[in-house]
Amino acid sequence: MIRRTFIALTAAAALTAPAFADGHSKDIVDTAVGAGSFGTLVAAVQAAGLVDTLKGEGPFTVFAPTDEAFAALPDGTVESLLLPENKDQLTAILTYHVVAGKVMSGDLSDGMTAPTVQGGEITIKTEGGVMVNDANVTAADIEASNGVIHVIDKVIMPAS
């Protein structure tokens, strides 16, 4: 079991490393664009008008859902959220994935909560793998010039 987990983590690190090979000279948005697996997230950030904010000084911690995480939402959800009339809802969802400050994986503890930029709180679990609410962290501590990205496998939703 441990060997299989180690092999999986090593493979994940090897596959994600080239996308982030130039260190953390890029901001969060440029780092996400360069990774190639956050097209939907980047489109959503653009539609919500948050590009300048996430290119700002920060620091920010972003729990970034992959394209696959967005694809797992019910059919039509992403398309609906990207419509101009749903900008407020999209902004609330996206800012729920952002915590002010730079929070590295070593700073996390089981059961801790963190306030999001949206105003809600997320809960971190570290037992049996790191989770944010009910999303698994699949890659952690991807540093950017204005913060850090932790990749998650699910879009987390704020309480309505």
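Helices and strands are taken here as DSSP runs, of at least four residues for a helix and at least two for a strand, and they are numbered from the N terminus. The model described is a predicted one. In this scheme, Thr116 is placed in the loop between strand 3 (113-115) and strand 4 (121-125). Although Thr116 belongs to a loop, it counts as buried, because its relative accessibility is 7% and the cut-off for buried is under 20%. With residues up to four places away in sequence not counted, Thr116 touches Thr95, Tyr96, Val98, Glu121 and Ile122.

One of these contacts, Thr95, is a buried residue of helix 7, as are Leu90, Ile93 and Leu94. The cover over the buried residues of helix 7 includes helix 3, helix 6 and strand 2 (98-100). Ala92 also lies in helix 7, but it counts as partly exposed because its relative accessibility is 26%. Apart from neighbours within four places in sequence, Ala92 is in contact with Gln118 and Pro158. The C-alpha atom of Ala92 is separated by 9.3 Å from that of Ala48, which is 44 residues apart from Ala92 along the chain.

The packing of helix 3 and helix 7 was examined next. The axes of helix 3 (residues 39-47) and helix 7 (residues 87-95) come within 9 Å and cross at roughly 125°. Helix 3 is therefore oblique to helix 7, and the crossing is left-handed. On the side of helix 3, the residues that meet helix 7 are Leu41, Ala44, Val45 and Ala47; their partners in helix 7 are Lys87, Leu90 and Leu94. Sorted by class, this contact has six nonpolar residues, one charged residue and no polar residues.

Two residues of this contact, Leu41 and Leu94, also appear in the account of the largest nonpolar core. This core has 30 residues, of which Phe38, Leu41, Leu54, Val62 and Leu94 touch the most other members. Two or more residues each come from helix 2 (28-35), helix 3, strand 1 (60-65), helix 5 (67-71), helix 6 (77-81), helix 7, strand 6 (135-144) and strand 7 (147-152). For Leu54, the contacts are Asp27, Ile28, Val29, Val45, Phe60, Val62, Val98 and Asn146, not counting residues up to four places away in sequence. Another core, of twelve residues, lies apart from the largest one; among its members are Val103, Ala114, Ile122 and Ile152. Of these, Ile122 is also one of the residues touched by Thr116.

Note on methods:
Residues numbered from 1 in each chain as written. Predicted model: local features only at pLDDT ≥ 70, side-chain atom pairs only at ≥ 80, totals over all residues. Heavy atoms only, no water. Axes fitted to C-alpha atoms, helices over the stretch in contact; angles between N-to-C directions. Parallel < 35°, antiparallel > 145°, perpendicular 65-115°, else oblique. Left-handed = near helix turned anticlockwise from the far one by under 90°. Contact = heavy atoms within 4.5 Å. Nonpolar A, V, L, I, M, F, W, Y, C, P; charged D, E, K, R; others polar. Core = buried A, V, L, I, M, F, W, Y, C linked by side-chain atoms within 4.5 Å. Buried < 20%, exposed > 50% of the residue type's maximum accessible area, 1.4 Å probe, protein only.
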